[in-house]
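Colleague: I am new to reading protein models and would love a close look at one part of this one. Could you take me through the charged side chains that pair up, and then show me what else is worth a look?

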Amino acid sequence: MNEFLLETESIDYNNPIILEKVLELKKQSNDELEYIENSYYFVRDEIAHSWDINSRIVSKNASDVLKNRTGICWTKSCLLAALLRANKIPSGITYQLLTRADDASEGYMIHALNTVYVDKWIRLDARGNKDGINAQFSLEEEHLAYQVRSELGEIDYKENYSDLDSRLVKILSESVNVLEITTDFKL
């Protein structure tokens with residue numbers, strides 16, 4: 001469980017901007033569960049998904065996402081993990097392989113979402129809602145941004161990782177325009 005509490009380059013929760021947001025969210029929360037929920041809704045609703053707003057900004061880790069107020073699912077999941085880990089709440093990252101279109105004609109993309117330990121591991125998707133996407137906070141059943149369509153070759157990995165995949169970190173570090181990021185591999 002300790003690995004899901006560690007600070008990493010991507011999940012940099014000791015950064016002052018993260019710690020300031022942690023204090024703000026704690027003041028709005030009566031208990032740990034409400035803090036988790038408030039953190040989830042903050043990342044989902046207050047941090048724009050870069051592609052949804054056509055932002056070119058490449059947020060490379062949790063503190064970048066908070067500072068820039070935008071990120072893709074990979075780094076939005078790092079921000080949620082950072083907010084939780086700063087409060088000693090175990091959190092990880094898991095992935096889905098999804099088609100870029102309504103079929104496999106445009107290839108696939110890697111989607112990241114969070115795992116959180118709340119008496120059991122649950123998955124939360126703070127990607128951000130828009131037409132056709134309605135992710136919700138739930139302890140009982142998953143309400144994720146995307147439902148995997150295995151008939152199209154999509155994969156719901158469900159493995160629980162303690163950090164952002166190193167290949168994704170490398171892609172982010174080498175990118176100058178987030179709208180040009182692609183992934184042509186399976187995890």
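Modeller: Here is a walk through the salt bridges, followed by the aromatic rings and one serine. Please keep in mind that this is a predicted model.

Let's start with the charged pairs. The count of salt bridges comes to 10, and we can visit a few of them. One joins lysine 130 and aspartate 52, whose side chains meet with N and O 3.4 Å apart. Where do these two partners sit? Lysine 130 is in the loop between β5 (121-124) and β6 (155-156), while aspartate 52 is in the loop between β1 (48-49) and α3 (62-68), so their salt bridge ties together parts that are 78 residues apart in sequence. Both ends can be placed on the accessibility scale: lysine 130 is partly exposed at 43%, and aspartate 52 is partly exposed at 30%.

Now try aspartate 45 and arginine 44, which form a salt bridge with an N to O distance of 2.5 Å. Is each partner buried or partly exposed? Aspartate 45 is partly exposed, with 42% relative accessibility, whereas arginine 44 is buried at 11%.

Another salt bridge links aspartate 165 with arginine 167, and their closest N and O atoms are 3.0 Å apart. Here aspartate 165 is the buried partner, at 17% relative accessibility, because buried means under 20%. Arginine 167, at 36%, is partly exposed. Returning to aspartate 52 and lysine 130, salt bridges with shared partners bring Asp52, Arg127 and Lys130 together in one network.

Next come the rings. The structure has 6 aromatic pairs. One of them is tyrosine 40 with tyrosine 41, an edge-to-face pair with centres 4.9 Å apart and 70° between the planes. Tyrosine 40 is buried, with a relative accessible area of 0%, but tyrosine 41 is partly exposed at 22%. Tyrosine 117 and tryptophan 121 also make an edge-to-face pair, at 5.4 Å centre to centre and 70° between the planes. Tyrosine 117 is partly exposed at 29%, and tryptophan 121 is partly exposed at 33%. Together with Phe4, Tyr117 and Trp121 form one aromatic cluster.

Finally, find serine 10 in the segment before α1 (16-27). Serine 10 is buried, with a relative accessible area of 4%. Leaving aside residues up to four places away in sequence, serine 10 touches Asn61, Ala62, Cys78, Asp163, Leu164 and Val169.

How values were computed
Residues numbered from 1 in each chain as written. Predicted model: local features only at pLDDT ≥ 70, side-chain atom pairs only at ≥ 80, totals over all residues. Heavy atoms only, no water. Salt bridge = Lys/Arg side-chain N within 4 Å of Asp/Glu carboxyl O. Buried < 20%, exposed > 50% of the residue type's maximum accessible area, 1.4 Å probe, protein only. Helix = DSSP H or I, 4+ residues; strand = E, 2+ residues; numbered from the N terminus. Contact = heavy atoms within 4.5 Å. Phe/Tyr/Trp six-rings, centres within 6.5 Å; stacked < 30°, edge-to-face > 60°.
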